[in-house]
Amino acid sequence: MKDFKFMIPQTIEFGVGALKKLPEIMKENDLDHVFLISDHGLEALGVVKKIQDIVEEAGLQCTTYLDIQANPTSAIVADATDKYRECGASSIIALGGGGPMDVAKAVGVVATYGGKIFDYEGNFKVPGPIVPIFAIPTTAGTGSEVTALSIVTDTESQRKVCIKDVVKMCPYAAYLDPALLLGLPKGLTASTGMDALSHAVEAFLVGRHNEFADMFCENAI
């Protein structure tokens with residue numbers, strides 16, 4: 001058996017209705033205003049309102065930011081960060097696929113430590129903990145709700161930049177409610193399902209795999 005180190009730094013809530021537990025953890029941490037990052041597609045499906053209702057019915061404030069695209073740019077990160085600061089929120093909800101998740105983590109870094117997101121390009125450039133992020137995935141594929149990195153497109157150099165810092169950039173908690181996947185377009189359901197499968201196969205075959213991770217890969221496959 002190979003030597004390995006394994007760490008799961010955040011709370012993961014799974015199950016139909018898991019979203020209803022979100023206000024509990026916010027209140028426990030004295031977070032009374034959340035900045036909800038998502039996109040207009042999920043707004044049209046009524047998912048954004050569903051999350052807003054859960055938060056606001058618990059007596060908490062929710063401000064939305066929905067101008068997210070599939071491959072977020074530094075301009076979107078800067079704009080979302082400005083809006084976050086203006087509204088006075090104390091935490092972030094990332095609702096959707098990889099785009100909202102990447103933006104939420106990037107906003108968490110810049111809102112906490114200032115500068116521009118590319119100031120933190122590479123590994124371990126984030127000084128410390130960032131704004132608490134609550135991740136709610138609506139697709140099966142990316143796994144961004146449990147990863148500690150953000151991918152942002154640099155439109156000037158035409159490249160994708162990775163900002164990564166284990167633990168510091170991980171969402172504080174992830175809420176996986178399978179009911180959110182119902183009603184998605186067939187193409188999106190199929191493509192993200194294949195994405196999840198390819199991730200499981202890749203993680204099982206990669207040279208750095210270990211026995212602890214393998215059991216999750218086998219189960220997922």
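At the heart of this walk-through is an open sheet of six strands, ordered E1-E9-E6-E4-E2-E3 and paired in the parallel sense. Strands here are DSSP runs of E with at least two residues, helices are runs of H or I with at least four, and both are numbered from the N terminus; two strands count as paired if DSSP finds at least two bridges between them. The model is predicted, so local features need pLDDT of at least 70 and side-chain atom pairs count only at pLDDT 80 or more, while totals for chains, interfaces and linings use all residues. Residues are numbered from 1 along each chain as its sequence is written, and side-chain values use heavy atoms, leaving out hydrogens and water.

Let's start at the edges. Strand E1 (11-14) and strand E3 (61-65) each pair on one side only. From one strand to the next, the twist averages 20°; axes are lines fitted to C-alpha atoms, for helices over the stretch in contact, with angles from 0 to 180 degrees between N-to-C directions.

Next to E3, strand E2 (residues 33-37) pairs with it in the parallel sense over five bridges, and Leu36 stands opposite Thr64 in E3. Helix H3 (residues 47-57) packs on the sheet, touching E2, E3, strand E4 (91-96) and strand E6 (133-137), where contact means heavy atoms within 4.5 Å. The direction of H3 makes about 160° with that of E3. Helix H5 (residues 98-113) also packs on the sheet, touching E2, E4 and E6, and its direction makes about 165° with that of E4.

Now look at E6. Five of its five residues are buried, meaning under 20% relative accessible area with a 1.4 Å probe, protein chains only (exposed is over 50%, partly exposed in between). Ile133, Ala135 and Pro137 point one way, and Phe134 and Ile136 the other. In a regular strand, side chains alternate between the two faces of the sheet. Phe134 is the bridge partner of Ile93, and Ala173 in E9 is the bridge partner of Phe134.
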